[in-house]
Amino acid sequence: MSTQEIANRLVELCRMGENMQALKELYDQNVVSKEMPGSPNEIISGKDAVIKKSEEWFATVEEFHGGEISDPVVAEDHFACKMKMDCTFKGQGRMQIEELAVYKVNNGKITEEQFFYTMPG
């Protein structure tokens with residue numbers, strides 16, 4: 001799959017609420033996931049570890065009130081999407097989150113993801 005096809009499929013799955021399917025289907029076994037410096041799980045390597053990180057994050061959500069993902073912007077082997085989420089977190093209350101997600105594609109799989117957002121506090 002081309003970078004554009006991977007980007008379109010990721011957006012399609014996220015819009016259907018199938019984020020975990022996107023990880024399983026589109027991610028390379030050796031994918032690297034990067035969060036903002038100082039955040040928990042700042043750098044995670046390996047598909048299984050990235051899936052586990054995502055499962056742990058979803059487990060902190062008490063209720064989803066809504067979310068959206070932009071159409072992807074593709075440049076060669078990278079693409080980016082703006083993501084917004086409105087969630088109530090267990091013990092933390094309701095929060096609106098907005099982030100920029102940047103992905104790198106190699107040999108038809110996502111090999112790197114990096115998220116940019118403002119850290120709470």
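**Exercises on a predicted model**

Strands 6 and 7 form a hairpin with two residues between them, and Asn107 in its turn has a positive phi of about 55°. The model is predicted.

**Exercise 1. Strand pairing around strand 6**

Task: state how strand 6 pairs with strand 7 and with strand 5, giving the sense and the number of bridges.

Solution.
1. Take strand 7, residues 109-116, to begin with: its pairing with strand 6 is antiparallel and extends over seven bridges.
2. Within this pairing, Lys104 lies opposite Glu112 of strand 7.
3. Turn to strand 5, residues 78-89: it runs antiparallel to strand 6, residues 93-106, and twelve bridges join the two.
4. A residue pair on this side is Asp86 with its bridge partner Gln96 in strand 6.
5. Strands 5 and 6 also make a hairpin, here with three residues between them. In that turn Gly91 has a positive phi of about 75°.

**Exercise 2. The buried face of helix 2**

Task: find which residues of helix 2 are buried, and decide how they are arranged around the helix axis.

Solution.
1. Helix 2 covers residues 19-26, and its buried residues are Met20, Ala22, Leu23 and Leu26.
2. Viewed down the axis of helix 2, these buried residues fall within an arc of 160°, so they line one face of the helix.
3. A general point on helix geometry helps here: an α-helix has 3.6 residues a turn, so residues three or four places apart point the same way.
4. The cover over the buried residues of helix 2 includes helix 1 (3-15), strand 1 (27-34), helix 3 (47-59) and strand 7.

**Exercise 3. Aromatic pairs of Trp57**

Task: classify the ring pairs that Trp57 forms with Phe58 and with Phe64, and give the exposure of Trp57, Phe58 and Phe64.

Solution.
1. The whole structure holds six aromatic pairs.
2. One of them is Trp57 with Phe58: the centres are 5.2 Å apart and the planes are at 80°. Planes over 60 degrees apart count as edge-to-face, so the Trp57–Phe58 pair is edge-to-face.
3. For Trp57 with Phe64, the centre-to-centre distance is 6.3 Å and the angle between the planes is 50°, and the pair is tilted.
4. Trp57 has a relative accessible area of 29% and is partly exposed. Phe58, at 30% relative accessibility, is partly exposed, and Phe64 is partly exposed at 43%.
5. Ring pairs link Trp57, Phe58 and Phe64 with Phe89 into a cluster.

Methods: Residues numbered from 1 in each chain as written. Predicted model: local features only at pLDDT ≥ 70, side-chain atom pairs only at ≥ 80, totals over all residues. Heavy atoms only, no water. Pairing = 2+ DSSP bridges. Helix = DSSP H or I, 4+ residues; strand = E, 2+ residues; numbered from the N terminus. Buried < 20%, exposed > 50% of the residue type's maximum accessible area, 1.4 Å probe, protein only. Arc of directions from axis to C-beta. Contact = heavy atoms within 4.5 Å. Phe/Tyr/Trp six-rings, centres within 6.5 Å; stacked < 30°, edge-to-face > 60°.
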